[in-house]
Amino acid sequence: MRVLGMSASPRDWGNTEILVQQALAGARRVGAETEFLRLAELDLRPCRGCLACVFNDRDCLIEDDYHVVLGAMRRSSAVVLGSPAYVLGATARIKLLQERLLRFATRSREFVDRPGVVVAAAGRPTDVPFTLPQIATTFLSLGMPVVDQFVGYGQGPGEVLWDEAALRRAASAGEALGRGETGFRGDPGTCPSCHFDLIDVGARGEVSCPLCDLPGTWTPDHGFRPRPNAAPRWAEERVRSHFEDGMMPSHDRFREHRAEINARLDALRAAFDQTGATEKES
Ligand SMILES: Cc1cc2nc3c(=O)[nH]c(=O)nc-3n(C[C@H](O)[C@H](O)[C@H](O)COP(=O)(O)O)c2cc1C
């Protein structure tokens with residue numbers, strides 16, 4: 001087993017990194033090899049939206065340190081991914097990573113079945129609603145089973161060392177990855193697919209898990225129950241259908257429309273230039 005740990009915090013040896021390193025120490029204790037990356041130290045640029053990775057089934061064209069991350073992921077059999085809570089969610093580095101990994105969330109399912117652990121560091125339990133779900137989306141979208149997901153609390157760098165429950169949990173989750181476990185061992189949550197409590201209630205009372213796009217019902221006795229036979233968006237058949245029926249046809253459709261789009265854009269630009277000129281003159 002080889003476990004990769006990644007921290008999306010800008011602080012080296014901050015609270016996120018302490019939790020991730022604690023998990024890696026747990027993995028080593030049961031005989032696994034480990035590797036660690038600080039995403040903030042890498043030159044990681046945003047996705048350019050060219051979709052060459054998806055349409056041509058090739059690695060990303062941008063030449064930056066994303067290829068360091070990809071290489072480390074390819075060498076690993078399990079991943080621990082951590083982020084601090086920033087403005088109720090994960091840091092921008094988590095989103096950036098997910099966007100760059102789009103090919104593996106749609107076309108090439110290279111990371112399916114490699115387990116992951118989701119770790120967050122935060123200041124206050126009231127202020128973390130989207131943090132774990134946003135980090136977990138990395139694994140869910142890649143078809144990687146989540147083994148545990150939890151938050152450690154501490155405001156200043158290093159203060160998570162006083163959150164002994166989180167330190168123990170990180171070590172134990174790392175041991176589980178090191179032993180090759182893939183089953184979910186975290187808090188059950190309301191949704192049986194993602195194990196989060198993000199249930200959405202529509203205007204007519206329709207209930208769903210918005211993260212998993214899973215319709216169902218909610219009762220005080222049973223909580224959320226998915227509709228029978230409904231599959232979460234992460235199910236392989238839905239991923240395949242999204243790619244084959246949604247993404248691939250959009251490629252040829254865009255090529256067919258390109259001349260018309262360019263003509264309409266030229267007209268729009270000309271109208272904008274005229275408006276801009278009028279405003280400048282007045
Ligand atoms: C820009 C910024 C935004 C933050 N937003 C939140 C927040 O929404 N919720 C929260 O609980 N803590 C928030 N915090 C506190 C951090 O999550 C907390 O200090 C955490 O332990 C930092 O982890 P680190 O040491 O790994 O960077 C924020 C901190 C910063 C710098």
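This passage describes the sheets, the helix packing and the ligand surroundings of a predicted model.

A convenient place to begin is the parallel sheet. Five strands make up this open sheet, in the order E2-E1-E3-E4-E5, and their pairing is parallel. Strand E2 (33-38) and strand E5 (146-153) lie at the edges, each pairing on one side only. From one strand to the next, the twist averages 15°. Within the sheet, strand E1 (residues 2-7) and strand E3 (residues 78-84) run parallel and are joined by five bridges. One residue pair helps to fix the register here: Gly5 has Val80 in E3 as its bridge partner.

Two helices can be followed against this sheet. Helix H6 (residues 131-142) packs on the sheet and touches E3, E4 and E5. The direction of H6 makes about 155° with that of E4. H7 also packs on the sheet, where H7 touches E1, E3, E4 and E5. Taken against E5, the direction of H7 makes an angle of about 160°.

Next comes the packing of helix on helix. Two packed helices are described by the angle between their axes and the distance between the axes. For H1 and helix H7 (residues 164-178), the axes come within 6 Å and cross at roughly 45°. H1 is therefore oblique to H7. The crossing in which H1 passes H7 is right-handed. On the H1 side, the contact involves Leu19, Gln22, Ala23, Leu24, Ala25, Gly26, Ala27 and Arg29. These residues meet a set in H7 that includes Ala166, Leu167, Ala170, Ala171, Ser172 and Ala173, with Gly174, Glu175, Leu177 and Gly178 also taking part. By class, the contact of H1 with H7 has 11 nonpolar, five polar and two charged residues.

The second helix pair offers another arrangement to look at. Helix H4 (residues 92-100) packs with H6 at an angle of about 15°, and the axes of the two helices are 9 Å apart. H4 and H6 are therefore roughly parallel to each other. In this case H4 passes H6 in a left-handed crossing. Ile94, Leu97 and Gln98 are the H4 residues in the contact, and they meet Gln134, Ile135, Thr137, Thr138 and Ser141 in H6. The residues of this contact divide into three nonpolar and five polar, with no charged residues.

Further along the chain is the antiparallel sheet. Its four strands form an open sheet in the order E6-E7-E8-E9, with antiparallel pairing. The edges belong to strand E6 (200-201) and strand E9 (223-226), each of which pairs on one side only. Three bridges support the antiparallel pairing of strand E7 (residues 207-209) with strand E8 (residues 214-219). In that pairing, Val207 is found opposite Gly216 in E8. E8 also runs antiparallel to E9, and four bridges join the two strands. Trp218 has Phe224 in E9 as its bridge partner. With three residues between them, E8 and E9 form a hairpin.

The last part of the picture is the ligand. The shell around the ligand holds 19 residues, of which Ser9, Gly14, Thr16, Pro84 and Asp127 come nearest. Helix H1 (15-29) and strand E4 (116-122) are the elements that give two or more residues to this shell. Sorted by class, the shell has nine nonpolar, seven polar and three charged residues. H1 thus links two parts of this description: H1 contributes to the shell around the ligand, and the axis of H1 comes within 6 Å of that of H7. E4 can be placed in the same way, as E4 gives residues to the shell and is touched by both H6 and H7.

Terms used:
Residues are numbered from 1 along each chain as its sequence is written. This is a predicted model: local features need pLDDT of at least 70, side-chain atom pairs count only at pLDDT 80 or more; totals for chains, interfaces and linings use all residues. A residue is near a molecule or strand if its C-beta atom, placed from the backbone, lies within 6 Å of it. Ala, Val, Leu, Ile, Met, Phe, Trp, Tyr, Cys and Pro count as nonpolar, Asp, Glu, Lys and Arg as charged, and the others, Gly among them, as polar. Two strands pair if DSSP finds at least two bridges between them. Axes are lines fitted to C-alpha atoms, for helices over the stretch in contact, and angles run from 0 to 180 degrees between N-to-C directions. Angles under 35 degrees count as roughly parallel, over 145 as roughly antiparallel, 65 to 115 as roughly perpendicular and the rest as oblique. A crossing is left-handed if the near helix is turned anticlockwise from the far one by less than a right angle, and right-handed if clockwise. Two residues are in contact if their C-beta atoms, placed from the backbone, lie within 7 Å.
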